[in-house]
Amino acid sequence: MRHEEAGAFAAHGEALITGNLTACAGSCGPGSLHFINGIVEANRNRAPVILIASQIVRDELGFEFPQEVDFKAIYGSISVYCDMILTPEQARRKTVMACQSAIAKRGVAVLIVPVDISHSDAKDDVPFAVHTSLPVIRPNDADLDQIAAIINSGEKIAIYGGSGCRGAHDEILRAAEILKAPIAHTSRAKDSLEYDNPYNVGMTGLIGNEAAYHAVRECDTLLLLGADFAWRQFYPDHAKIVQIDIDPTHLGRRHPVTRALVGDIKATLEALIPRLHKKSDTRFRDHFVQRHREVIAHQMEKATPKRRDTISGIYLTELIDRMAADDALVAGDDGTATVWMHRYFKATAKRRFYASLLHGTMAAAMPTALGLQKASPGRQVIALSGDGGIGMLLGDLMTAVQHKLPIKVAVFNNGKLGFIDIEQKSEGLLPLYTHLQNPDFGAVAKAMGLWGRTVAKADELEAAIGEWLAHPGPALLDVNVEPMTLVMPPAIEFGPAYGMALYSARAVLGGQAHDLIEMIKENI
Ligand SMILES: Cc1ncc(C[n+]2csc(CCOP(=O)(O)OP(=O)(O)O)c2C)c(N)n1
Ligand SMILES: [Mg+2]
């Protein structure tokens, strides 16, 4: 890898898709410091990664020796294990503990290795070894009876599932069928709950839709499954909430709940389902499922290009979705690409989606795709990158070439830091320092040895995507997308709407009326 941050993102991608421990290693000082942002991403996404951070010789530690960095202070709070090997005799035991922590606690272990330790010999006949196990965890019977009683007394029941629902698709659908409950999900649960789901009402939250938002807000009983969704305003104010989560620290931490239990979602539902009473009234569920269908129809209408001379990010995403493989691995950059990916890519039983939803970092898509591709030869791996995002770690496109990783990168090139532009406008400010003067990324990609092309017109896009996806090697498609498409939250609150009006007034008065007219043309 060219940049250690990209290396950490790649290791994180590989660890997530394989479920296996994945290592990255760096040299002293800056060489192991550069990983930091990717390490936070991996740790927040519960990817079992080990970082081997080289350290200067032990004798010089504490004297501001060249390249001395206190890695324990830096990585200690963003990892599940962080320690230095102090003597050669400790090497095996600490390495085992680091690996075991990364796998069992699901996160990043950082092992700091002074150079002189690397050079020493140690007896390797002590049989310390990594032990891991996968216990089945579910609440006890009395607790299950109690939550069943709460759920059974509900009349308008909704299910809200998060990333802890992976592997429990069928059990959740069975519970929804019994309870006549709509199923809303967090963005991180898209690939677990959206596919083959007749009760799906989609995502709530900032990038969600109004069907899921209202289903969760208006139910009288909410079954919160493996979801630690952070934005409190999206939880219901008056409903009874039953929460189940494998992590005890998640219970009741976002919103007060009626009863919360520790358990694996699949195992817990298997034990809970026989205790649930079958409901017959489907009106609550049907209403929101229907509303969600209308949302999708409206979204698809927005995805149809209105103009032949420009391309919206939505249309680009929808076309890639249509042409991508049924088992594609798709990584989206923080920014508009992640929003469009979650809204416009269709989940299947085999597709997987990767985005920086907890740490919220830019630039993760392309390097994460490198790790996904390395671990999954022959599978289609797509990165949806922002022009801001791709510019940050551009050098590692060379890794795709050098290691023959046939990732497909689409650059959503709106010529700006779009998200920040929107944020500034919704605060009533005129956008400042968000403009990006970009090169022709298609030509840059070609010069770096990838297949590269830049497209600006809607009627050239489909053929270009066909060529891009069919290319056997790494390929980058730079697409000039409309710069003003807005990301609308499900319920437009007074604040942003007011801010937008204020921006409009300032734009007109400040001479940016052209921007405002473009924005209105694209969005309304
Ligand atoms: C490393 C990092 N720096 C800054 C931010 C703040 N930020 C969030 S989105 C964004 C703009 C992203 O621009 P781009 O990649 O072009 O995507 P767009 O929103 O334009 O689609 C910025 C600066 C961040 N999340 N991560
Ligand atoms: Mg941009």
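**Exercise 1.** Find which residues valine 49 touches, leaving out residues up to four places away in sequence.

*Solution.* In this predicted model, valine 49 is in contact with Ala11, His12, Ala15, Thr22, Cys24, Ala42, Ala102 and Val108, once residues up to four places away in sequence are not counted. The next step is to place valine 49 in its wider setting: the largest nonpolar core has 94 residues, and Val49 belongs to those with the most contacts inside it, together with Ala102, Val110 and Ala410. Helix α1, which covers residues 4-18, supplies the largest share of this core, namely 8 residues. Finally, at least three residues of this core come from each of domain 1 (4-118) and domain 3 (304-523). A second core of 44 residues is separate, and it includes Ile147, Ala158, Ala211 and Leu222.

**Exercise 2.** Describe how strands β11 and β12 are joined, and state which way the side chains of β12 point.

*Solution.* Begin with the pairing: strand β11 (residues 329-332) and β12 run parallel and are joined by 4 bridges, and leucine 329 has arginine 352 as its bridge partner in β12. Then follow the chain between them, where β11, helix α14 (residues 336-344) and β12 form a right-handed β-α-β unit. For the last step, recall that side chains in a regular strand alternate between the two faces of the sheet. In β12 (residues 352-355), Arg352 and Tyr354 point one way, Phe353 and Ala355 point the other way, and all are buried.

**Exercise 3.** List the domains of the chain, and then characterise the side of domain 2 that touches domain 3.

*Solution.* The domain assignment gives domain 1 (4-118), domain 2 (141-292) and domain 3 (304-523). The contact between domain 2 and domain 3 takes 15 residues from domain 2 and 14 residues from domain 3. On the domain 2 side, the elements that give two or more residues are α9 (190-193) and α10 (210-218). Sorted by character, the residues of this side are 5 nonpolar, 4 polar and 6 charged.

**Exercise 4.** Explain why arginine 46 and arginine 106 count as partly exposed.

*Solution.* Locate each residue before judging its surroundings: arginine 46 lies in the loop between α3 (36-44) and β2 (49-55), while arginine 106 lies in the loop between α5 (91-104) and β4 (108-114). Arginine 46 has 18 C-beta neighbours inside 10 Å and therefore counts as partly exposed, and arginine 106 is partly exposed because 17 other C-beta atoms are within 10 Å. The backbone adds a further detail, since arginine 46 has a positive phi of about 60° although it is not a glycine, and the phi of arginine 106, also a residue other than glycine, is positive and near 50°.

Methods
Residues are numbered from 1 along each chain as its sequence is written. Chains are lettered from A and ligands numbered from 1 in the order in which they are written. This is a predicted model: local features need pLDDT of at least 70, side-chain atom pairs count only at pLDDT 80 or more; totals for chains, interfaces and linings use all residues. A residue is buried if 20 or more other C-beta atoms lie within 10 Å of its own, exposed if 12 or fewer, and partly exposed in between; C-beta atoms are placed from the backbone. Two strands pair if DSSP finds at least two bridges between them. A crossover is right-handed if, with the strands pointing away from the viewer, the path from the first strand over the helix to the second runs clockwise. A nonpolar core is a set of buried Ala, Val, Leu, Ile, Met, Phe, Trp, Tyr and Cys residues joined through C-beta atoms within 7 Å. Domain bounds come from an automatic or database domain assignment. Two residues are in contact if their C-beta atoms, placed from the backbone, lie within 7 Å. Ala, Val, Leu, Ile, Met, Phe, Trp, Tyr, Cys and Pro count as nonpolar, Asp, Glu, Lys and Arg as charged, and the others, Gly among them, as polar.
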